[in-house]
Amino acid sequence: MIQQIACPNCATEIPIDAQQLLEGKSFSCNNCNTSIGLAKDSNTSLQDQLKVFSDLKKEPSGK
Ligand SMILES: [Zn+2]
């Protein structure tokens with residue numbers, strides 16, 4: 001399942017495969033090369049990202 005989350009550094013949307021993410025694969029932002037992954041240390045921040053992303057989707061037209 002492909003999802004997009006906003007890069008925590010530059011807000012570029014990064015396509016991630018949720019299945020691969022859960023398996024420990026990390027993904028990089030195409031714009032600034034920030035790494036996104038389920039490292040134990042960043043678990044909470046990723047969950048925040050996903051929560052923010054779902055909040056954004058609720059808005060009718062953000063920009
Ligand atoms: Zn970025």
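In which sense do strand S1 (residues 2–6) and strand S2 (residues 13–17) pair, and over how many bridges? Select both strands in the viewer, keeping in mind that the model is predicted, and you will find that S1 and S2 run antiparallel to each other and are joined over five bridges.

**The whole chain**

Before going further into this hairpin, colour the protein chain by secondary structure, where two helices and four strands should appear. Followed along the sequence, these elements come in the order β-β-α-β-β-α. Of the 63 residues in the protein chain, 8% are buried. If you display the contacts with a separation of 6 or more, 25% of them join residues that lie 24 or more positions apart.

**The hairpin of S1 and S2**

Return now to the hairpin and select Ala6 together with Glu13, since Glu13 in S2 is the bridge partner of Ala6. Between the two strands of this hairpin there are six residues, and the next selection, Ala11, sits in that loop between S1 and S2. The backbone of Ala11 deserves a look, for this residue has a positive phi of about 70 degrees although it is not a glycine. Ala11 counts as exposed, because it has 11 C-beta neighbours inside 10 Å, and the limit for that class is 12 or fewer.

**The two faces of S2**

Next, show the side chains of S2 and turn the strand so that its two faces can be told apart. Ile14 and Ile16 belong to the covered face of S2, whereas Glu13, Pro15 and Asp17 make up the uncovered one.

Keep Ile16, which is found in strand S2, as the centre of the next selection. Is Ile16 buried or exposed? Ile16 counts as buried because 21 C-beta neighbours lie inside 10 Å, where 20 or more are needed for that class. When residues up to four places away in sequence are left out, Ile16 touches Gln3, Ile5, Leu21, Phe27 and Ile36. For one of these partners, Gln3, a distance can be drawn from C-alpha to C-alpha: Gln3 and Ile16 are 5.3 Å apart in space, although 13 residues separate them in sequence.

**The nonpolar core**

From Ile16, extend the selection to Ile5, Cys7, Ile14 and Ile36, which together with Ile16 form the largest nonpolar core, a group of five residues. Two members of this core, Ile5 and Ile36, are also among the residues that Ile16 touches.

**From the core to the S3–S4 loop**

Cys7, another member of the core, leads to the next stop, Thr34. The place of Thr34 is in the loop between strand S3 (27–28) and strand S4 (35–36). Thr34 and Cys7 are 27 residues apart in sequence, yet their C-alpha atoms are 7.3 Å apart in space. Beyond its neighbours up to four places away in sequence, Thr34 touches Cys7, Pro8, Asn9, Ser28 and Cys29. Thr34 counts as partly exposed, because it has 15 C-beta neighbours inside 10 Å.

Stay in the loop between S3 and S4 and select Asn33. Like Ala11 in the other loop, which has a positive phi of about 70 degrees, Asn33 has a positive phi of about 70 degrees although it is not a glycine. Asn33 is exposed, because 10 other C-beta atoms lie within 10 Å.

**Across to Asn9**

Which residues does Asn9 contact, once its neighbours within four places in sequence are left aside? Select Asn9, which is in the loop between S1 and S2, and you will find Cys29, Cys32 and Thr34 in contact with it. A C-alpha to C-alpha line from Asn9 to Asn33 spans 9.3 Å, while the two residues are 24 positions apart in sequence. Asn9 counts as partly exposed, because it has 13 C-beta neighbours inside 10 Å.

**Last stop: helix H1**

Finally, move to helix H1 (residues 18–22) and select Gln20, which is found in this helix. Gln20 counts as partly exposed, because 15 C-beta neighbours lie inside 10 Å. To relate Gln20 to the start of the chain, draw a line from its C-alpha to that of Met1: the two residues are 19 apart in sequence and 9.0 Å apart in space.

Methods. Residues are numbered from 1 along each chain as its sequence is written. This is a predicted model: local features need pLDDT of at least 70, side-chain atom pairs count only at pLDDT 80 or more; totals for chains, interfaces and linings use all residues. A nonpolar core is a set of buried Ala, Val, Leu, Ile, Met, Phe, Trp, Tyr and Cys residues joined through C-beta atoms within 7 Å. Two residues are in contact if their C-beta atoms, placed from the backbone, lie within 7 Å. Two strands pair if DSSP finds at least two bridges between them.
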